[in-house]
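This report covers one strand with its neighbours, one loop residue, and a few backbone features. The sequence and the model are shown first.

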Amino acid sequence: MKKDKQIVKMRIPARIQQQMLIDLQRKHPFAYERVGFLFTKSKKLTNKTMLVLATEYVPVADEDYVEDKTVGARINSTSIRKAMQTIFDNKGGCFHVHLHDHSGIPGPSSTDKKGLPGVAESFSNISGEQVNGILILSHDSFYCTVKIKEKKKFVLPASVSAVGYPMNQQFNNVRRIEKNDVFQRQSFLGKKSNHLFENVKVGIIGYGGGGSHIGQQLAHIGVRNIVVFDDDKIEGSNMNRLVGGWFRDIKKSLLKTAIAKRVIKKILPSAKPECINSRWQDNPDKLQECDVVLGCVDSYAERQQLEAECRHYLIPYIDIGMDVYEEEDKSYSMPGQVILSMPGQACMRCFGFLTDEKLGEEAARYGKVGGRPQVVWPNGVLASTAVGIFVDLVTGWSRQKDKTIYLTYEGNTGIIKDHVRARFAPEECEHYPFSEAGPPMYKKL
């Protein structure tokens, strides 16, 4: 297939992927395999990237199979009409899904190539600008081809991601960077780790004390596609913590994004940093394109907005933050946190970190020694911890699965440990259901 100018990125919550695998392996009274429909919502970004977000999986009912020993499974017109009605009601897209019972990247059979494109075409005829297609699962991977209404041919998406812990990302039509010995000592991260770092897109929100550590470390491990959001310039008060900031930058009132680009490119010349001198709210498409986001923001309100955006676009969000409080005995305490907000799993409200009370009282109680005091060493500890979570999330090198992360930092003692609330967090988040993924859809009442 020729590479298309329009890039398609597909994201499937790992919980929906697991739901599909369990369903498609169930035995049917006479069909050799099962079929289902994955419903999606699509959004075209300003750079022509098309995001496709999976929101729901629906199995084909037992009675909607037609007995035919010449194929693995044949479904009747009723099942297709049901899927088309759901597409119409949801104003979304749909993918025909089935399983090839093996590991590794699957491929379409001759029967698949002959019969399935017509099904996806019928979905495309009623779904407007939404993306439709064919998804074939294996035990640990997937094959996907998509139909965009204005294009005559089916195309491979640029990436398909199962969003969970760890992530399962498949990048198509990409060029591998020439091998060298720079990353030889991190080979324990897995054979595909360099390839994943070369192609994953990571957002950094805020390039101050924490964000500057993160940008530097991502470049050191080989992450090429980094998007930095910050609308501020360096000042003298930043010099105690902004990694890569030079004293002469103060006189020039250099943008923090310019410092970010300088640091990242000096460490990794092949990197392609996008440094955006604005708040992410002013360029939401750039954020939505990211595969993982790391946030270094100052307030509860900013965290709430950022987490909500990442949840709606199925993006894992890693939050870091610290503060200094004056105690009654005039001593100081330095608490901090690192939280992974994974779509489908506990959010910051589930953890009890974000509450209506905190949001309401924030201005009065947040920091008492001069407006969000920051110093370089706790920022470094928290940022390094966040980068470690990111690396495991992308490569899966530790072999931990479905991990819940809410870490608390005691700056006075230098101890990081699991927060007690992590033990009682719900397995599934009720605040951000998958059905609400994607851009808001307005329905007539």
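## A loop glutamine and a covered strand

Gln 281 lies in the loop between β13 and α8 (284-288); helices (H or I, at least four residues) and strands (E, at least two) are DSSP runs, numbered from the N terminus. The model is predicted: local features need pLDDT of at least 70, side-chain atom pairs count only at pLDDT 80 or more, and totals for chains, interfaces and linings use all residues. Residues are numbered from 1 along each chain as its sequence is written, and side-chain values use heavy atoms, with hydrogens and water left out.

Gln 281 is partly exposed, at a relative accessible area of 25%. Buried means under 20% relative accessible area, exposed over 50%, and partly exposed in between (1.4 Å probe, protein chains only). The side chain of Gln 281 makes polar contacts with the side chains of Trp 280 (3.5 Å) and Gln 305 (2.9 Å). A polar contact is a pair of N or O atoms within 3.5 Å; within protein, one must be able to donate a hydrogen and the other to accept it, and residues adjacent in sequence count only if both atoms are side-chain atoms.

Between the C-alpha atoms of Gln 281 and Phe 229 there are 9.7 Å, with the two residues 52 apart along the chain. Phe 229 belongs to a group with Asn 225 and Val 227 that points one way from β12, while Ile 226 and Val 228 point the other way. Five of the five residues of β12 (residues 225-229) are buried.

β12 runs parallel to β11 (residues 201-205), joined by five bridges, and parallel to β13 (residues 274-276), joined by three. Two strands pair if DSSP finds at least two bridges between them. Lys 201 stands opposite Asn 225, and Phe 229 stands opposite Ile 276 in β13. With helix α5 (residues 209-221), β11 and β12 make a right-handed β-α-β unit: with the strands pointing away from the viewer, the path from the first strand over the helix to the second runs clockwise.

## Backbone features

Two residues other than glycine with positive phi are listed here.

| Residue | Phi | Loop between | Relative accessible area |
|---|---|---|---|
| Lys 91 | near 55° | α2 (77-90) and β6 (93-99) | 44%, partly exposed |
| Ser 253 | about 50° | α6 (247-252) and α7 (256-267) | 35%, partly exposed |

Tyr 165 and Pro 166 are joined by a cis peptide bond, with omega about -5°. Pro 166 is found in the loop between β9 (159-163) and β10 (168-171).
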